[in-house]
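Colleague: I'm new to this one, so could you walk me through it? Let's put it up and go piece by piece.

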Amino acid sequence: IVHPMAEVKTKEPLMHNKQKEVGHTYYTKVSENNWQEIDKMLDEGVKLYSPMAVLEGKKAVIEATRNFRNMVKSLRVRSSFGSESQAVVLYECDVPGISDAFPGASLLDIDERGKIIAIQLYYDSHPFQAQKEQIYS
């Protein structure tokens with residue numbers, strides 16, 4: 001039996017693929033601790049909105065991202081999606097003492113240059129309240 005939707009073929013515009021690729025690549029570079037490449041992907045005035053803090057500027061965003069990445073054993077991209085000017089990335093982190101598959105999602109705003117100008121994080125912040133200062137200092 002063939003699923004009725006198996007015959008449906010959709011073409012995603014190239015622009016959407018670009019945004020998806022930017023989001024996926026960004027989180028892959030975070031997973032790899034590749035801070036030089038991450039620096040190239042962020043706009044100077046990038047904003048980070050998380051359940052625990054709001055930050056502005058490339059340096060502050062990279063520092064908070066590095067602090068978070070240092071707390072987790074690994075980060076794995078589960079899926080990514082793109083639209084005209086945004087990407088959504090779903091990921092899991094191995095967070096010692098909390099979960100080996102802690103879920104998170106990120107909505108990235110991407111400009112016409114392919115630079116990330118805003119990152120909105122979605123995750124349950126409750127397990128991280130004790131480390132808030134360590135991450136966002």
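Colleague: How many helices and strands does the chain have?
Modeller: Keep in mind that this is a predicted model. Reading from the N terminus, the elements go α-α-β-β-α-β-β-β-β-α. Count them up by type and you get four helices and six strands.

Colleague: In what order do the six strands sit in the sheet?
Modeller: They form an open sheet with mixed pairing. The twist from one strand to the next averages 20 degrees. Going across, the order is β2-β1-β6-β5-β4-β3.

Colleague: Which strands stand at the edges, each with a single partner strand?
Modeller: The sheet is open, and its order starts with β2 and finishes with β3. Each of these has a single partner, so one side of each is left without a neighbour in the sheet. The edge strands are β2 (54-56) and β3 (74-82).

Colleague: Which residue in β4 is the bridge partner of Val77?
Modeller: β3 pairs with β4, residues 86-95, in the antiparallel sense. Eight bridges hold that pairing. Val77's bridge partner there is Tyr91.

Colleague: And which residue in the turn between β4 and β5 has a positive phi?
Modeller: β4 and β5 (residues 99-110) run antiparallel, joined by nine bridges, and one of the partnered pairs is Ala87 with Leu108. The two strands make a hairpin with three residues between them. The turn residue with a positive phi, about 80 degrees, is Gly97.

Colleague: How many residues lie between β5 and β6 in their hairpin?
Modeller: These two strands also run antiparallel, with six bridges, and Asp109 stands opposite Ala118 in β6. Gly114 in the turn has a positive phi of about 85 degrees. The number of residues between the strands is five.

Colleague: At what angle does helix α3 run to β1?
Modeller: Helix α3 covers residues 58-71. It lies across β1, β2, β3, β4 and β6. Its angle to β1 (42-49) is about 55 degrees.

Colleague: Is Ser125 buried or exposed?
Modeller: Ser125 lies in the loop between β6 and α4. Leaving out residues up to four places away in sequence, it touches Pro51 and Met52. Its relative accessibility is 14%, and the cut-off is under 20%, so Ser125 counts as buried.

Colleague: Last one: what share of the chain's residues count as buried?
Modeller: The accessible surface of the chain comes to about 8,200 Å², with 52% of it belonging to carbon and sulfur atoms. The chain has 137 residues, and the share that counts as buried is 41%.

Conventions: Residues are numbered from 1 along each chain as its sequence is written. This is a predicted model: local features need pLDDT of at least 70, side-chain atom pairs count only at pLDDT 80 or more; totals for chains, interfaces and linings use all residues. Side-chain values use heavy atoms; hydrogens and water are left out. Two strands pair if DSSP finds at least two bridges between them. Axes are lines fitted to C-alpha atoms, for helices over the stretch in contact, and angles run from 0 to 180 degrees between N-to-C directions. Contact means heavy atoms within 4.5 Å. Buried means under 20% relative accessible area, exposed over 50%, partly exposed in between (1.4 Å probe, protein chains only). Accessible areas come from the Shrake-Rupley method with a 1.4 Å probe; for residues, only the protein chains shown count as cover.
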